[in-house]
Amino acid sequence: MDLFDSNTAERTNLPRNMIENSMFEEEPDVVDLAKDSNTFPAFSTLDPDEVAYEPRSSRLLVRGLGENDMDDDEEDCESSARLLGMSFMNRSSAHRSNSSPYIRQSPPRTCSRPSACTMVVCVLVLVIVASLVMVMYLLPGCTFTRAGCPKSNKTAPLEPVYPNSTNGELFPWAELRLPHSIQPLSYELTLTPDLDNMTFTGRTVIKMSVLHSTKRIVLHAANLNITKAMFKLGDGQAHDVTVLEYKPRQQIAVKFPEELKTGQQCVLIFDYSANLSHTYDGFYNSSYTDKDGNKRVLAATQFEPLSARKAFPCFDEPSFKATFLIRINRKPSYMTLSNMPQAKTTPISNTLMQDEFEKTNVNMSTYLVAFIVGNFTSVSSNATGTNVSVYSIPEKKEQTGFALATASKLLQFYNGFFEIEYPLKKLDLVAIPDFLAGAMENWGLITFRETTLLLDSNSSHLEKQVVASVIAHELAHQWFGNLVTMSWWNDLWLNEGFATYMEYMSLQEILPNLDTGNLFLSVRFRAMDKDALNSSHPVSTEVNTPEQVEEMFDSVSYEKGASILLMLNASLPKEQQFKKGIIQYLNTYSGSNTETENLWNSLTQVSTPPQNISEMMSSWTSQKGFPLVTVSRKGDQVTLSQEPFLLTSDNTTQKSRLWNIPITYVNDSCSLALECRQMYTLKYKTENLKVPESVKWLKLNYKNTGFYIVDYGNDGWNALIEALSKNISVLTPEDRASLIYNIFALSRLGRVPFQQVLHLLNSMSGETEPSPVTEALLQLNSIYRLLDKRQESGLAARMKAYILNHFGSLMKNQSWGEEQSLSKQELRSALVSTACILNEESCTDQAKSLFKKYHDSNFTIKIPGDLQQAVFTVAAQSEDDWETLLELYTATTYDAEKRKMLKGLASTQDPRHIAWILKAGLNGDIIQTQELPLIINTVCNGFAGYLFAWDFIQVNWDRLIEKFPVGSFAIQTIVKSTTSQFSTQAHLDQVQAFFSSLKQRGSQMRSVQEALETIRLNKRWMESNLKAFGKWH
Ligand SMILES: [Zn+2]
């Protein structure tokens, strides 16, 4: 999935879930001894659903304490273990079980060397085993008998607490994750959507295999009214069965009086009806107004992560892969699309046609299933044997050309790069008029927002960059995610980090003029912003609730995931090694599911000379945050030391965490070319390296390909500043941007005085490259906004004057005509936007006159794409032009332009307009609700609207979470936007009080922890810097 806006929205710092962490500190770590069959053969009579996370020794004890007459083998072993106080430390990832709900990434432990940990664990295990033997010896004789003790001996806490089904009967399963005793093999779906009444009926036939004898089948269904269910065992007769439902976990179950035996095959058939969803997930309805002003409806799906269950009963977890055969009954006036090519169309009544799609030739996870009913037109081409088509609503057909050409090119590139052919016969890319995410990688049927797929003939390079990036991301998923899928959402980064990395990598290869390198650099900085907070989380992390699944779709999974892959690739000695490793990984796991360790193992296998990739990379995936590397130098001796870079430090923070850091560095004698780069792996807290004494300065983290921050110390910074003030070109633009990002980060940490930040900026006053300029503008703007919102108007004015002065000549040098070069467009767009937002007169005058010309020409004169945002923003500040812009917004059909108009409208400083636009975004009539996060974000950037927006989300919270799931990226954006500019105790108290009052409706979200931490940091920053700023001249 592409989150959209994650690249474009300016991020300040985001955070994460202390609640989750603390919750699991209380859980015992249980060693999966039973899983390791070499050490402890598993009990053949037990259902592996339970065995998988059960310590064998505790099992003996549990049976002894209260072996029960439940034939269905389900003690709550985790709680048994807890009861017995068994807390084995350091559960190794090799022992981690897929099915365990307690998939815990080995957390950062205090043992710094594995051998020490192993010893502690061994001693602990020995002690525990010895005590168990003693306990068993002391227990009554019935302990070791199959019959067990009399019932009176049964202790209540050992039974899993089965919930009640909706019909009052006991529901036979008590976990969020499904049991693994049944494996779905194939699904046959027949759906009849009624777009007039916004309902649908369906029949789902699931063929399954019994992996382990069991008396129940448990699967997912949500909001489906099941009218009939039948079951068939082997070649037997189908008969009606009762379906039990447990709504809070969206599970249904069928119980059987006799065991289904291992190896048997069976079939479940469900008939059901449901409403088409009014949100953006499941089988949902979307609508748009066509060019004649008529409302047109369509229905589309968005299943990732947890919504396939809203369209059909299914085993809705990524590791339950199966084949799918889909049929859709439709009115003749509509068309349908699904993952596979259409096989046949047959009339089934006077008013209905049935489209049947080919059965999938691959096993796939439920979240990748997709179907669409509507009216679309398409353009197609053939790319190495695959039929590639781009679909849009009819009036936007001419906007599909770029997407078709780019998708075809990328498909060929990936076919060659991965050395595995795209496995389906067709690939459709569809622009859906109302769609929340940026895009979704459904196999063979990728769905997009219109903005991320369609381009009109006048589109700017920056708009092309967005479209190409999203297509590249989704196409990469066809291998990373679709062909090889993470076993569970805790490793979502295997999908998203990879797709994000491949998106930049592939475009640098095939469309270098789109300059995606700068974009990738800036998203790496934003990922660090978030990961610098205590509330961040490891790339691969615990996920146990639906909200936590939603929350995995964040910049840690996406951008940090991509960043550490870049770091790894850049540090491998041979150029092709990374590629070889991922080809090995894709081949080994094609069609199946993986965990993070599988990827590192594949990369280790192909490494020459042999290198333990796993050892290096697990320090980056299993612990949150990233290191701060401090450099100090005496003569030829350079001391490097590492510590966690933490903006918030408290007693619970582990300061002893270490990373295996592939350090790169250049110096004054050779600093630009790749060949200048030297490498050093920093594994311990402090290490030394030698450089010639003649070296004047060192710059670490060449081109910022590593995920760490560097502090050069006072002397080191001064040497760099001196070198830059003589000649800015001694470092690459990426390195200059990296220095700017680093020094602002260090100043937030209190390591470097703000004065030093200004020294560095002043040394780069001749800077004209987009990366360093945009990074400096972003950092300064965010300080300006904080001062402004804090109503420190004097200081805000001084900051504004600094920005306008420092970048003044560069701002004035920008032309207002068409500009061809993408890097010049990037630069101009950032400079002009800032100047106009800060009300710099010549900028606002130019913008106003350009809008007037545009208006006078009856909107036929084109405003250059990269200037549109600034022009619309300035126009929206006048009453008349705001109204004009709103009319234009409703009339425009080109979505990329429409969004810029909307951003302009939302940047109004008129309170009435602000109130109106927030409400319109929520209502979804004039402005589609998909845009609400963008509206809120824009309103919050302005001075007049941020308190309004905070008020608005408090009043409308329930409606917001009706539209956007709790924890989703949209909600994360909304929470962050409305709170990240507060810096006072009073606001901190308000935010805390509001979110804690939400309880189930969002109080436990990681983004709430992020928000609180960010406000505290803002407050601290203000307290320590306001005085210094007061003296600033
Ligand atoms: Zn994705």
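1. Let's start with how helix 15 and helix 16 cross: in this predicted model, the crossing is left-handed. Helix 15 covers residues 713-726 and helix 16 covers residues 733-749. Their axes come within 13 Å and cross at roughly 140 degrees. That angle makes helix 15 oblique to helix 16, because over 145 degrees would be needed to count as roughly antiparallel.

2. Which residues make the contact between helix 15 and helix 16? From helix 15 you will find Trp717, Leu720 and Leu724. Helix 16 brings Arg736, Leu739, Asn742, Ile743 and Leu746. By character, the residues of this contact divide into six nonpolar, one polar and one charged.

3. Valine 710 is worth a look alongside that helix pair. This residue sits in strand 29, residues 709-711, and touches Trp717, Asn742 and Leu746. Trp717 is a contact residue of helix 15, while Asn742 and Leu746 belong to the helix 16 side of the contact. Beyond four places away in sequence, valine 710 also touches Leu628, Val629, Val631, Leu700 and Asn701.

4. Is valine 710 buried or exposed? Its relative accessible area is 1%, so valine 710 is buried, the cut-off being under 20%. If you would like a distance to check on screen, the C-alpha atoms of valine 710 and serine 738 are separated by 9.4 Å. These two residues are 28 residues apart along the chain.

5. Now to the metal site. Which protein atoms are donors of the zinc ion? Met1 gives both its N and its O, His473 and His477 each give NE2, and Glu496 gives OE. These donors lie 2.0 to 2.5 Å from the zinc ion. Along the chain, their spacing reads M-x471-H-x3-H-x18-E.

6. The zinc site also links distant parts of the chain, through methionine 1 and glutamate 496, which are 495 residues apart. Methionine 1 is in the segment before helix 1 (18-25), whereas glutamate 496 is in helix 8 (residues 492-510). Both ends of this link are buried: methionine 1 has 8% relative accessibility, and glutamate 496 has 0%.

7. One last residue to inspect is serine 459. You will find serine 459 in the loop between strand 20 (445-449) and helix 7 (461-477). Serine 459 is buried, with a relative accessible area of 12%. Leaving aside residues up to four places away in sequence, serine 459 touches Lys464 and Tyr894.

How values were computed:
Residues are numbered from 1 along each chain as its sequence is written. This is a predicted model: local features need pLDDT of at least 70, side-chain atom pairs count only at pLDDT 80 or more; totals for chains, interfaces and linings use all residues. Side-chain values use heavy atoms; hydrogens and water are left out. Axes are lines fitted to C-alpha atoms, for helices over the stretch in contact, and angles run from 0 to 180 degrees between N-to-C directions. Helices (H or I, at least four residues) and strands (E, at least two) are DSSP runs, numbered from the N terminus. Angles under 35 degrees count as roughly parallel, over 145 as roughly antiparallel, 65 to 115 as roughly perpendicular and the rest as oblique. A crossing is left-handed if the near helix is turned anticlockwise from the far one by less than a right angle, and right-handed if clockwise. Contact means heavy atoms within 4.5 Å. Ala, Val, Leu, Ile, Met, Phe, Trp, Tyr, Cys and Pro count as nonpolar, Asp, Glu, Lys and Arg as charged, and the others, Gly among them, as polar. Buried means under 20% relative accessible area, exposed over 50%, partly exposed in between (1.4 Å probe, protein chains only). Donors are N, O and S atoms within 2.8 Å of the metal (3.2 Å for Na, K and Ca); water is not among the atoms, so sites may look incomplete.
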